[in-house]
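The exercises below go with the structure that follows. Please attempt each task before reading its solution.

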Amino acid sequence: MNQQYLEILEILRPIDNEFMKVLFKNQNCVELLVKTIFGDDVSLMKFETEDERKNLQGRSIGMDIVATL
């Protein structure tokens, strides 16, 4: 692998937004996160990344991952 890429990867953390966007486009990564939080008994049916939900008052919340179990 290119040394420049390895140096960039060393400073990235999953909490960094740009890295998280790429990381959690992969279903295996999302499944690992879900199973880590909820245990091995759950299975991922579908998921979306970078979703925004609005309420009746016009406020919104941005969610990194929305998963259906």
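**Exercise 1.** How many salt bridges does a search of the whole structure find?

**Solution.** The model is a predicted one, in which local features need pLDDT of at least 70, side-chain atom pairs count only at pLDDT 80 or more, and totals for chains, interfaces and linings use all residues. Residues are numbered from 1 along each chain as its sequence is written, and side-chain values use heavy atoms, with hydrogens and water left out.

Begin with the criterion, which asks for a side-chain nitrogen of Lys or Arg within 4 Å of a carboxyl oxygen of Asp or Glu. The search of the whole structure then gives 2 salt bridges. One of them joins the side chains of Lys-21 and Glu-18, with 3.5 Å from N to O, and another joins those of Arg-53 and Asp-51, with 2.5 Å from N to O.

**Exercise 2.** Place Lys-21 and Glu-18 in the secondary structure, and then assign the salt-bridge residues to exposure classes.

**Solution.** Helices are DSSP runs (H or I, at least four residues), numbered from the N terminus. Lys-21 and Glu-18 both belong to helix H2, where they are 3 residues apart, about one turn of the helix.

For exposure, buried means under 20% relative accessible area, exposed means over 50%, and partly exposed lies in between (1.4 Å probe, protein chains only). Glu-18 is exposed because its relative accessibility is 55%, whereas Lys-21, at 26%, is partly exposed. In the other pair, Arg-53 is partly exposed at 38%, while Asp-51 counts as buried because its relative accessible area is 15%.

**Exercise 3.** Which residues does Asn-17 touch, not counting residues up to four places away in sequence?

**Solution.** First locate Asn-17, which lies in helix H2 (residues 17-23) and is partly exposed because its relative accessibility is 38%. Next apply the contact criterion, heavy atoms within 4.5 Å, which yields Glu-50 and Asp-64 as the residues touched by Asn-17. Finally, Asn-17 and Glu-50 are 33 residues apart in sequence, with their C-alpha atoms 10.0 Å apart in space.

**Exercise 4.** Which residues make up the largest nonpolar core?

**Solution.** Such a core is a set of buried Ala, Val, Leu, Ile, Met, Phe, Trp, Tyr and Cys residues joined through side-chain atoms within 4.5 Å. The largest has 5 residues in all, namely Met-20, Phe-24, Val-30, Val-34 and Leu-44. Taking Val-30 and leaving aside its neighbours within four places in sequence, one finds contacts with Phe-24, Leu-44, Phe-47 and Ile-65.

Definitions and conventions: Helix = DSSP H or I, 4+ residues; strand = E, 2+ residues; numbered from the N terminus.
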